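User: Please take a close look at the buried interior of this protein, and explain how the elements around it are arranged. I would like one connected account, starting from what is meant by a core.

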Amino acid sequence: MEKEDGIRAFLSTPIEYLKGVGPQRADTLKTESGIFFFEDLLRLFPFRYIDRTRFYKVNELKGDLPYVQVKGQITTLKAVPLKRGQKLTARFEDETGSVELVWFQGVRWIKDKLQINTPYVLFGKPVLYQRQLNIPHPDLETVADFNASPLKGLQAVYPSTEKLKRRGLDSRGLSKLIRQLLEQIPGKLPETLPDKIIRHFNFPELHAAYQQIHFPQNPDTLEAARNRLKFEELFFIQLRLLKAKTQRHHDVPGIVFSKVGQHFHAFYDQYLPFELTGAQKKVIREIRQDMGSGKQMNRLLQGDVGSGKTMVALLTMLIALDNGYQAALMAPTEILAIQHYESISRYLEPLGIRTALLTGSTKASERKSLHESLASGELHILVGTHALLEDPVSFKKLGFVVIDEQHRFGVAQRARLWKKSVRPPHILVMTATPIPRTLAMTLYGDLDTSVIDELPPGRKPIKTIHQFDSARLAVFGFMKKEIAKGRQIYVVYPLIQESEKMDYKDLQDGFESIEKAFPAPEYHVSIVHGKMKPADKDFEMKRFQEGKTQIMVATTVIEVGVDVPNASVMVIESAERFGLSQLHQLRGRVGRGADQSYCVLMTGDKLSDDGRTRIKTMTTTNDGFRIAQVDLELRGPGDISGTRQSGILDLKIADLTKDYDILSHARKLAARLLQQDPKLQDVSLQGTRNELLRLEKLHPNWSMIS
């Protein structure tokens, strides 16, 4: 035990105390790679490996080869003046021919270091430049040094940056530090996984896994190490999530909503605007079961745009009211909050249920009376934005909270909402962004999940068409035909913060060209963008909703917040500049009525590989989950669903696009372990318990709301 404590203390040593690091290199490692302690360096995993067992001959080199290794010698070395500075060129020969080497940086230092007619091992990437083959900035070491080096075989390549390289911390420099660190660990790394799991999968020991991931003997030992460390990472994520869920169910008693009463029945029987789908009914049953269980509900509700999540939220809020509690709905933007408020208050007005809206724009005089009626219990449902989190907002008896598009809220923010109630309210988290299975299991693994996988009856699938800019006149002709049928059209332009001026110009130019193609008085065109005053924006949106304008030219402000059943065409300009999930959200703005709807993706002639994949995906499927999976594969988990803020998806080695099977096993075994021993008290689980405590210190659980 003392030995294990010594190893843990060693690994928590600040990185500046590793030989060869020092204060300056330590600062660079911290800022560039997030390496603060010895254990962080140990967990800096290679992103690829180079096979240093293969040697090429010079006459085998081609410009399309990856990195190559060649034995030969430098026969000439020359510094060439440039407009700024100089470059260094060298002729590298073997018995089959010669190739030019070139350096543009560190010329003086490299020139002094290299020796003519000395046997070298060259490692670099051949490049064709002006029909001549050369190798820029190769690695060179003498054959004697290469033969003495332990870095033969499969060589790890580590992520580096220019700042790290300037400190001598390129891939090779990092590798040397890691080798030194592994040699200094005072004993074997203590095991973290339960013995049963290690035996079941025939995993290598943890210490061996780290040795082999950094310095693999062969492809088999590398694969075994990689599988062990991927499983380890995903297992502890699942263990944390499931432990939080188990703990919540045991330690946090939920408010019991024992009845479904007058409010619910009156609305359902008399005012329900449409027949619920089977999927909506199933989800309401799941929520009712949670609310009556005596455990606090934390449920994720997934459903595509237009699937009827808001109606599910409304009906379940009425159950809270029937049991004498208040409800709240929090949305990420003012537009979305207003849309929710308007539809909920319109539906509930006949029942005399009091609803209110609270956003950053709410006037001080309105806030005062709102706060009073909320605290007294006269106000039943509060809809709003982040403003709901402010300290003056105090409920008399908050029992149910709906969070829409919750990934846009920080974890600590959501914790503040929970504290608005003496007993934790039931939480329903809604998202219209379908979440791939691996991401849902990892990011929302402590929530129960419901899916509305059925659209309301009578809806026709939206037809998605790709057109290049050269076909714009044909697209205008199609738009005129749809308008002649009495339909309305969105034309959306991208808005990317880094280049707002250019985007704004695109929008204005587009608006002017559409006004020319669709002249008044025969046609009426609206324009909406983020720089407009809220009152002007509302005026234009209202005109479109009321059918007074046939075309709305907009930025992505209409991604959420506008529901116009008569709009049947969505034209997305520069569609290649949008992410897949955003394209899917925008497409969901049409197809709200019974008429056939269309989404037209306009792009330039030149598309990147990713751009082509996105366009092909959109034109071949309407399945939000399939689209989300492709999005995950293209962008990675950190860039979608706001996962960077969660802290939980800072994955070092596992890959959610490829490791579903490992994740699935990890979750199953973590659940089984907690079922058998919820507090991990068994003596054989001491290593697992210690690792869990270490991770909980690194990523504190701000809240039981995930």
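Analyst: A nonpolar core is taken here as a set of buried Ala, Val, Leu, Ile, Met, Phe, Trp, Tyr and Cys residues that are joined through side-chain atoms within 4.5 Å, where buried means under 20% relative accessible area. Everything that follows refers to a predicted model. Of the 706 residues of the protein, 51% count as buried, and the chain is organised into 25 helices and 22 strands. The C-alpha trace spans about 95 × 75 × 45 Å along its principal axes. Among contacts between residues at least 6 apart in sequence, 74% join residues at least 24 apart.

In soluble globular proteins, nonpolar side chains tend to be buried together. The largest nonpolar core of this model has 53 residues, and the members that touch the most other members are Leu 193, Phe 231, Leu 234, Phe 235, Leu 239 and Leu 382. The element that gives the most to this core is helix α10 (residues 219-251), with 8 residues. Leu 234 can serve as an example, since, with residues up to four places away in sequence not counted, Leu 234 touches Leu 651, Ala 654, Leu 656, Asp 659, Ile 662, Leu 663 and Ala 666. Apart from the largest core lies another one, of 39 residues, which includes Leu 272, Leu 336, Ile 353 and Leu 428.

Turning to the sheets, one of them is open and parallel, with 7 strands in the order β12-β13-β11-β14-β15-β10-β16. Its edges are formed by β12 (355-358) and β16 (448-452), and because each of these has a single partner strand, one side of each is left without a neighbour in the sheet. From one strand to the next, the twist averages 20°. Within this sheet, strand β10 (residues 298-303) runs parallel to strand β15 (residues 426-431), and 5 bridges join the two; Leu 301, for instance, has Met 430 in β15 as its bridge partner.

Two helices lie across strands of this sheet. Helix α13 (residues 309-322) lies across β10, β11 (326-330), β13 (381-384), β14 (398-404), β15 and β16, and runs at about 170° to β14. Helix α15 (residues 364-376) lies across β11, β12 and β13, and its angle to β12 is about 130°.

A further open sheet of 7 strands has the order β6-β7-β4-β3-β2-β5-β8, and its pairing is mixed. Here β6 (127-129) and β8 stand at the edges with a single partner strand each, so one side of each has no neighbour in the sheet. Neighbouring strands of this sheet are turned against each other by 45° on average, with direction ignored. At the β6 end, 3 bridges join β6 to strand β7 (residues 132-136) in an antiparallel arrangement, and Leu 128 has Leu 133 in β7 as its bridge partner.

Strand β5 (residues 119-124) deserves separate attention in this sheet, for 5 of its 6 residues are buried and the strand is mostly covered. Strand β2 (residues 68-81) pairs with β5 in the antiparallel sense over 6 bridges, and the bridge partner of Gln 73 in β5 is Pro 119. Strand β8 (residues 139-142) is also antiparallel to β5, and 4 bridges join the two; in this pairing Leu 122 stands opposite Leu 140 in β8.

Burial can also be followed in a helix, namely α21 (residues 580-587), which packs with helix α22 (residues 609-620). Helix α21 is mostly covered, with 6 of its 8 residues buried; these are Leu 580, Leu 583, His 584, Gln 585, Leu 586 and Arg 587. They pack against strands β17 (463-468), β18 (488-492), β21 (567-572) and β22 (598-603), and against helices α22 and α23 (624-635).

Two packed helices are described by the angle between their axes and the distance between the axes. For α21 and α22, the angle is about 35° and the axes are 10 Å apart, while the crossing is right-handed. On the α21 side, Leu 580, Leu 583, His 584 and Arg 587 meet Arg 614, Thr 617 and Met 618 of α22. Sorted by class, this contact has 3 nonpolar, 2 polar and 2 charged residues.

Key: Residues numbered from 1 in each chain as written. Predicted model: local features only at pLDDT ≥ 70, side-chain atom pairs only at ≥ 80, totals over all residues. Heavy atoms only, no water. Pairing = 2+ DSSP bridges. Axes fitted to C-alpha atoms, helices over the stretch in contact; angles between N-to-C directions. Contact = heavy atoms within 4.5 Å. Left-handed = near helix turned anticlockwise from the far one by under 90°. Nonpolar A, V, L, I, M, F, W, Y, C, P; charged D, E, K, R; others polar. Buried < 20%, exposed > 50% of the residue type's maximum accessible area, 1.4 Å probe, protein only.
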